[in-house]
Amino acid sequence: MAQNVKITTIAKLADVASAARGRAQRVVHCHGVFDLLHIGHIRYLQKARRLGDVLVVTLTPDRFVNKGPHRPAFTDQIRAATLAALDCVDYVAINEWPTAAEAIVRLQPAVYAKGGEFRDEKTPELMREEEAAAQVGTQIEFIDDVTSSSSHLINNYLGLFSEDVEEYLTRFKACYGEATLAETMHRAATLKVLVVGEAIIEESYACNTLGRSMKAPIIAAQYESHELYAGGALAVANHVSAFCDAVGLVAMLGAENPQEEWIRSTIAGNVATTFVAKSDSPTIVKRRYLESYFGTPLFEINYLNQQALSADDDKQLCAALEASVENYDAVIVADYGHSMLSENARGVICDRARFVAVSPQVNAANVGYQTITKYPRADFVVLAQQELELECRNRSRSLREMVLQLVDLVDVSTVAVTVGKRGCLCYNRAAGFHEAPALATKVVDRAGAGEAFFAVTSLCAVLDVPLDMLAFLGNVAGAEAVGVVGNSRFLERLPFTRHIQSLLK
């Protein structure tokens, strides 16, 4: 059979399977990512072929591979062509869904074959596939043979990371295994966490730049599309909700055009919300215009009111905090410096919370006015390098010197400083310093990475995990976030876990 005939669609593959059943032939179905085909895959497919008369293989499309933003190493088209080159494989199709469950229902194979390693460690995907198999009368077979790992081979032989990062991962793997990190994330599930901060709606407008206007010194652009995302404290709460079962959110909306219905539709189901309205203000909207081909930001417009809260609004906010802060194990403060968190509100949080994590983000609207020293107490603080330099009013001193200056100014136990493509620098009064490199291999948009890093490292700080583990998990979160536009997607526990597993192979 010619190779080009082997690669087909799910719809046509269903017709092939139906015709085979009409000829009383047994159809065997295999499914997987098959990112870097290896001897374990080949023997698995050869044994699967012996279970019937026709072997069909479906593979996970690029958009559903959840082993981290650095995967797949090979596109679905290349992976399909590689599978089709094997004599034991009769047909190949790129799947249309995250799991094989829908394909099983459509193909109705006699046998669905999986590797023996899945027999005792069943994934959520496999459980859905088993339900689909039971629905159509498909037998599931587990095949034992030589096992290997595409992730291990890719990590060790394809060189996706720089030499420095590879050495870092080798050292980290020598200290921590998958089980240790999984247990840490499992512990996070029991935490009750309150997120406090401004709700921000992010609007992303894609446009095609036409060139310089003939009548004015401006760039003209043609509108193409736009998307709305939940940003600010909304994003932090959604990230946290992936790991904690019980999450609270106290956020500020505008009394004018609050857009509360849309905002509620974006919030995870396990987040209990309390919204405080700011008088004479809109809900904060930050609209970015991007050149669509490269995704390059052109400029941004902010819709907000920078004036301080009125006495009545401040009283309402403090009452909401007083009613909730003490009910949580930790309070994560996402302070964007847009006048929500008054001195009174900060006092309630710092006086009553068991654990306080703060990220005082500096942006174009608050530069010079936003400072961590406004907080009388913090157990954990996250700053970007530029924010630390502004805090210390110094650009020439080393980061370590400025961190030590900061902890002299603020009653804080642990500090994490993000340094872009260089990763992060973390400090703890007891453990000292730890540096960890960035783990991103694909950068689509840096906006939104801070929220993901802050959410995960705050949970690690609450759990008092070792500083090197906090840095690693924070950089994994950052790598996930920079792979998408803004806050268009939030962290999920299973893909996050698999990202970690793929790095530790």
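Which residues form one aromatic cluster with Phe-472? The views below are of a predicted model.

**View 1. Aromatic cluster around Phe-472.** Tyr-168, Phe-172, Tyr-176 and Phe-472 make up one aromatic cluster. Phe-472 also belongs to the largest nonpolar core, where it is among the five residues that touch the most other members.

**View 2. The largest nonpolar core.** This core has 117 residues, and Val-240, Leu-249, Leu-473 and Phe-496 are, with Phe-472, those touching the most other members. The element giving the most to the core is α16, with eleven residues. Beyond its neighbours within four places in sequence, Leu-473 is in contact with Leu-181, Thr-184, Met-185, Val-456, Cys-460, Phe-496 and Ile-500. Another core, of 20 residues, lies apart; Val-28, Cys-88, Val-111 and Ile-143 are among its members.

**View 3. The second largest pocket.** The space in this pocket is about 1,600 Å³. It is lined by 49 residues, of which Arg-446, Ala-447, Gly-448, Ala-449 and Gly-450 are the closest to its centre. Elements that give two or more residues to the lining include β7, β11 and α17, while α16 gives the most, with five. The lining comprises 22 nonpolar, 18 polar and nine charged residues.

**View 4. Two tilted aromatic pairs.** The whole structure holds eight aromatic pairs. In one of them, Tyr-205 and Tyr-289 are 5.2 Å centre to centre, with 35° between the planes. Tyr-205 is in strand β7 and Tyr-289 in strand β11, so this pair ties together parts 84 residues apart in sequence. Tyr-205 is buried at 13% relative accessible area, and Tyr-289 is buried at 19%. The ring centres of Tyr-427 and Phe-433 are 4.7 Å apart and their planes are at 45°, so that pair is tilted. Tyr-427 is buried, at 11% relative accessibility, whereas Phe-433 is partly exposed, at 24%.

How values were computed: Residues numbered from 1 in each chain as written. Predicted model: local features only at pLDDT ≥ 70, side-chain atom pairs only at ≥ 80, totals over all residues. Heavy atoms only, no water. 1 Å grid on protein atoms, 1.4 Å probe; cavity = no way out; pocket = protein on both sides within 12 Å on 5 of 7 lines; lining within 4 Å. Points joined across faces, edges and corners; volume = space filled by probe spheres on them. Helix = DSSP H or I, 4+ residues; strand = E, 2+ residues; numbered from the N terminus. Nonpolar A, V, L, I, M, F, W, Y, C, P; charged D, E, K, R; others polar. Core = buried A, V, L, I, M, F, W, Y, C linked by side-chain atoms within 4.5 Å. Buried < 20%, exposed > 50% of the residue type's maximum accessible area, 1.4 Å probe, protein only. Contact = heavy atoms within 4.5 Å. Phe/Tyr/Trp six-rings, centres within 6.5 Å; stacked < 30°, edge-to-face > 60°.
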